[in-house]
Structure formats: C-alpha cells, structure tokens
Amino acid sequence: MRNIALRLSYDGTNYHGWQTQKDDVTVQETVERALAKIVKHPVHVTGCGRTDAGVHALRYCANFRTDGTIPIDRVPLALNARLPGDIAVSDAVEVAEDFNAIGSCLQKEYIYRLHNSRLRDPFLDRGSCFYPQTLDTDRMAAAAAAFVGTHDFAAVRSVGTETKTTVRTVHWCRVDRQGDLITVAVCADGFLYNMVRAIVGTLVYASYGKLEPEDIPGLLEAGDRRLTGPTMPPQGLYMHRVWYDGPAGAMMAP
C-alpha cells in the first residue's frame, strides 16, 4: 500500500471547512471524491489541520493510502482535472508508511489579512477582513510579541473541539503592513479552536486602546475568553505554511 502526501491550496469561501460533514460541502469530501475516481476505490484523506468554514489555505498537506499504480508525477494533473477551480494540487510525493499529515506535523503558520481602508476593494472581499477603522500596527506588534512563548491559550480559544490541554508554544506572532493590507502571521506547534482569529481580535483591541499590549500576559494567565478580543471573521484567515521532516518537508518548502 502506497502512502502519498499532497500539497494543495484552496479558497475556502464555498466550503464548510476542511473536515467531512454530514450535510455540508467540505474540502476533504471534495478531494476524496476526486481521488476515488483516479485510484478506483474509496479513499480517506488525512489533512494537516481542521480549517473552519470560509477559511483558506495557501499551503496545505494531506495524505492518503492506495494500492493504485498511477505514477506520482501524474497525481496532481489527474486530480486537478477532477477538482473545482477553487482547489488545486501542486505536488505529490510518496512518504513512509507511518507518515500522517497531522500527526507528523512539526509546526504550522497561519496568516490573517486585514484590509484596513475606508473604501472596500471587491478583489479583496473574499480573501481579507475589511476593517475601515484606522489600526495602529505599532501597538498591534507590541501586543503580538506578548503571545510568543509557551502559554495556556484558553483566553483565546472558542468553545468547540475538545483537547487534552490548552497549552501551546507560539514561535512567532508578527504584524506587517503593506499599504492598506495588514498581515498577522502566527506560527506554533499547534492551535486551539479559533485561536488565531481571537489573537487577531485581541490585537485589534490593543490597536485602539481597549486593552494595552502589556495587559496580554495577565489576560493569558487569567484564561477568561470574555476578557480578550473578538473572534475575527473567517475570510481573512489562511493556513500558510506547514513543516515536516523528510520528503513531505521538501515538498512543502516555499
């Protein structure tokens, strides 16, 4: 049985997240149906993370097992011929039997895009959060730095999926502005439900003084979701980078 890892990207606007659900169209279900047509048997695809409804992926990893004989270099072409235009596979590689897209992942980076302008841009509507109130990126960056390190992140976690612990290690949390587009990048060993969107909401609160950057450590220690910023809309969020050892790591590299 071959174990094949895929590198793919998708616009999540038309999907109810990655994970297959009973009554909603998802990215996982769409990819599995396309793969089944190629390898001629039902396929289960394991993704590197559970992106929510409306969330996008610029670089996403998934793996599946098959006894099909399709050459590895033909997999992206065959899949893309059967996928809708908002999902694309850019590479495929054979990996070790024990490789698992989520379990073998070393760290992930999400980015969140804010269109900070008084005027809307129709070409950014599906891929960023329109935020017309002026944002202070210096204050946002100061608040972002306080999230770096190993902390209990219950204060920026929405109720949803169960997890054994709410402790995570954030490797970096950065704020960058290019014209009207503000990008927040968060890299960690793992993420809680809505964690990045809640972090960005907290940075927005810090931007206009609803809380101070130096308040962040105390808010994390308190662990009270009600004291931090709002959960930002999904369309600004992207899975951006995923790290692995071995062949999958080489495939996923920028």
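**Exercise 1. Which residue in β9 does D176 stand opposite?**

Solution. This is a predicted model, in which local features need pLDDT of at least 70 and side-chain atom pairs count only at pLDDT 80 or more, while totals for chains, interfaces and linings use all residues. Residues are numbered from 1 along each chain as its sequence is written, and side-chain values use heavy atoms, without hydrogens and water.

Step 1. Locate the strands: β8 covers residues 167-178 and β9 covers residues 181-188. Strands (E, at least two residues) and helices (H or I, at least four) are DSSP runs, numbered from the N terminus.

Step 2. Establish the pairing, which requires that DSSP finds at least two bridges between two strands. Eight bridges join β8 to β9, and the two run antiparallel.

Step 3. Read off the partner: D176 stands opposite T183 in β9.

Step 4. Examine the connection. β8 and β9 form a hairpin with two residues between them; in the turn, G179 has a positive phi of about 65°.

**Exercise 2. Identify the strand that four bridges join to β8, and a facing residue.**

Solution. Step 1. Strand β7 (residues 149-152) is joined to β8 by four bridges, and these strands run antiparallel.

Step 2. Within this pairing, D152 stands opposite V167 in β8.

**Exercise 3. Is I199 buried or exposed, and with which residues is I199 in contact?**

Solution. Step 1. I199 has its place in helix α4 (residues 195-207).

Step 2. With a 1.4 Å probe and protein chains only, buried means under 20% relative accessible area, exposed over 50%, and partly exposed in between. The relative accessible area of I199 is 0%, so this residue is buried.

Step 3. Contact means heavy atoms within 4.5 Å. Leaving aside neighbours within four places in sequence, I199 is in contact with F147, V156, C173 and V186.

Step 4. For H240, the C-alpha to C-alpha distance from I199 is 16 Å, at a sequence separation of 41 residues.

**Exercise 4. Describe the fold of the whole chain.**

Solution. Step 1. The protein chain has six helices and ten strands.

Step 2. The radius of gyration, taken over C-alpha atoms, is compared with 2.2 Å times the number of residues to the power 0.38. For 254 residues a compact globule would have a value near 18 Å, and the chain has 19 Å, which agrees.

Step 3. The C-alpha trace spans about 60 × 40 × 35 Å along its principal axes.

Step 4. Buried residues make up 51% of the 254 residues. Of the contacts with a separation of 6 or more, 72% are between residues 24 or more positions apart.
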